Amino acid sequence: MHDLPERPNTLVMSYLGIRRAIGISGLLLPIVLGPVGLLFGIEIQDNLSSYYHTPLRDVFVGTLCAIGIFLFCYRGYDRVENWTANLGCVSALGVALFPLDFNSDPLVQKSITGYLHTVSGGLFFLTLAFYSLYHFPRDSRREHEPHLRERDFVYRTSGLVILGSMFAMGGYLFLLPDDWKQSFNDYNFLFWMEWIAVWSFASAWLAKGRTIVADIAVDVLAYSSELVLGRSQKQ
């Protein structure tokens, strides 16, 4: 009888743990592949997926498989959220297990496996954007999270940045002529856009997981908003 009140708290901590694990995985993945890879003599690749063909392949595949499993274990408030998590799981596993063809344009692949990778990547980012733009703001009200307005701002900004990065990558892939593409490739354009998108979704999941750093950032944002509003009202 005495153990029953503790069970809801245990379940809450379990869900927070999954959210934090997804966020931390997304936060660390570009760092380990990019800057840490450079320390071991691995050049910055054209995109994150190209790390499959480097010694860091296990890091790339393992992290995405972990994110996929975390999403599969994550249950939401309704069928829509559950299906979103399942789609995120399948697409993350698709990115991990169906590699992009070596040294290729994501739109021009040499195999079905390569095209499955490209489709999976697009679905993965769309799923994460949907979480940030729809599920997280809605769920914050159900969970009575503090500073709802500031959290909504974090979640929705994260989703918009993911979509903005996808539009930028789509413009690069579909609209730019080959000579312009080569110029952008010289600066690893796709890699940096994917880094921005991955960190955007990571920030949303870390905020949803109520990590200390994310909560401090939200508190600072709320305090700044109150300070600005207070000054404007005085004027």
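Asp-139 and Arg-138 are both buried, and their side chains still find each other in a salt bridge, 3.1 Å from N to O. Keep in mind that this is a predicted model.

Let's look at the helix around that stretch. Helix α4 runs over residues 112-142 and has 31 residues. From its first C-alpha to its last it reaches 42 Å, close to the 45 Å expected at 1.5 Å a residue. Along the way, α4 bends by about 40° at Tyr-131. After α4 comes His-144, with a positive phi near 55°.

Now for the charged pairs. The structure holds nine salt bridges, including these:

| Acidic residue | Basic residue | N to O distance |
|---|---|---|
| Glu-143 | Arg-19 | 2.8 Å |
| Asp-139 | Arg-138 | 3.1 Å |
| Glu-150 | Arg-149 | 3.4 Å |

Take the bridge between Glu-143 and Arg-19. Glu-143 sits in the loop between α4 and α5 (148-174), while Arg-19 belongs to helix α1 (residues 6-39), so the pair ties together parts that are 124 residues apart in sequence. Glu-143 is partly exposed at 26% relative accessible area, whereas Arg-19 counts as buried at 5%. These two also have company: Arg-19, Glu-143, Glu-145 and Lys-208 are linked in a network of salt bridges.

And what about the bridge between Glu-150 and Arg-149: is each partner buried or exposed? Glu-150 is buried, with a relative accessible area of 7%. Arg-149, on the other hand, is exposed, with 52%.

Notes. Residues numbered from 1 in each chain as written. Predicted model: local features only at pLDDT ≥ 70, side-chain atom pairs only at ≥ 80, totals over all residues. Heavy atoms only, no water. Helix = DSSP H or I, 4+ residues; strand = E, 2+ residues; numbered from the N terminus. Expected span 1.5 Å × (residues − 1). Bend = angle between axes of the 7 residues up to and from the residue. Salt bridge = Lys/Arg side-chain N within 4 Å of Asp/Glu carboxyl O. Buried < 20%, exposed > 50% of the residue type's maximum accessible area, 1.4 Å probe, protein only.
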